[in-house]
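Welcome to a short set of exercises on a ligand and the pocket around it. Have a look at the picture first, then work through the steps with me.

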Amino acid sequence: MADKMIYVLNGPNLNLLGTREPDKYGHTTLSDVERLCREAAKRFGLDVEFRQSNHEGVLVDWIQEAREKAVGVVLNPAGYTTTSVAILDAIIAVGIPVIEVHITNIHAREEFRHHSYISKVARGVICGFGVTGYTLAISGLAAMVGAAQKG
Ligand code: CA2
């Protein structure tokens, strides 16, 4: 039985995944990513709360909420990666492990994408593996929180 919850949170414009710029972000939709995350989490007996918002404060609210309800967070902060002290502060405040995920290799892209406020406080960072990065992040988070693989 799944007794541990993880939050998978997605930042601005990721609702467009699979519908625009497939050369960069691929053809997989965010609904497909949700399904992949649920499958990956299930292997470790974890439940998933999967959400996306285009609003910084909403993401902050969800990170705070995760403290009460989850053992950890997988976060693709998207465009807020390079700007959000508010998200950085929320991650420090909640104290549960947060894994930062980027679909693309942000270090191989424009210079302004290389700096991440989130990386300063994330327990792990994964980028450049496409949407598979989400499942890698879930495996890593599961190991951190002591969720054993089933079967
Ligand atoms: O590679 C990633 O996952 C990013 O977090 C994606 C962000 C970008 O600002 C980061 O530098 C790297 C952009 C998310 C926008 O997603 C879209 C998906 C499909 C079509 C248009 C935008």
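**Exercise 1. Find the polar contacts of the ligand.**

Step 1. Start with His102: an N or O atom in its side chain is 2.9 Å from an oxygen atom of the ligand. A polar contact is a pair of N or O atoms within 3.5 Å.

Before going on, note that this is a predicted model, where local features need pLDDT of at least 70, side-chain atom pairs count only at pLDDT 80 or more, and totals for chains, interfaces and linings use all residues. Residues are numbered from 1 along each chain as its sequence is written, and side-chain values use heavy atoms, with hydrogens and water left out.

Step 2. Turn to Asn76, where a polar side-chain atom lies 2.9 Å from a ligand oxygen atom. For Thr104, the distance from a polar side-chain atom to an oxygen atom of the ligand is 2.6 Å.

Step 3. How much of the ligand does the protein bury? The ligand taken alone exposes 510 Å², and the protein buries 92% of that (areas by the Shrake-Rupley method with a 1.4 Å probe).

**Exercise 2. Describe the shell around the ligand.**

Step 1. The ligand has 16 residues around it (a heavy atom within 4 Å). Those that come nearest are Asn76, His102, Ile103, Thr104 and Arg113.

Step 2. Sort the shell by class: 8 residues are nonpolar, 5 polar and 3 charged. Here Ala, Val, Leu, Ile, Met, Phe, Trp, Tyr, Cys and Pro count as nonpolar, Asp, Glu, Lys and Arg as charged, and the others, Gly among them, as polar.

**Exercise 3. Describe the largest pocket.**

Step 1. A pocket is an open set of points on a 1 Å grid over the protein atoms alone, where a 1.4 Å probe fits, with protein on both sides within 12 Å along at least five of seven lines; lining residues have an atom within 4 Å of a point.

Step 2. The largest pocket is the space taken by the ligand (more than half of the ligand's atoms lie within 2 Å of its grid points).

Step 3. Its lining has 21 residues, with Tyr25, Ala78, Gly79, Arg109 and Arg113 nearest the centre of the largest pocket.

How values were computed. A polar contact is a pair of N or O atoms within 3.5 Å; within protein, one must be able to donate a hydrogen and the other to accept it, and residues adjacent in sequence count only if both atoms are side-chain atoms.
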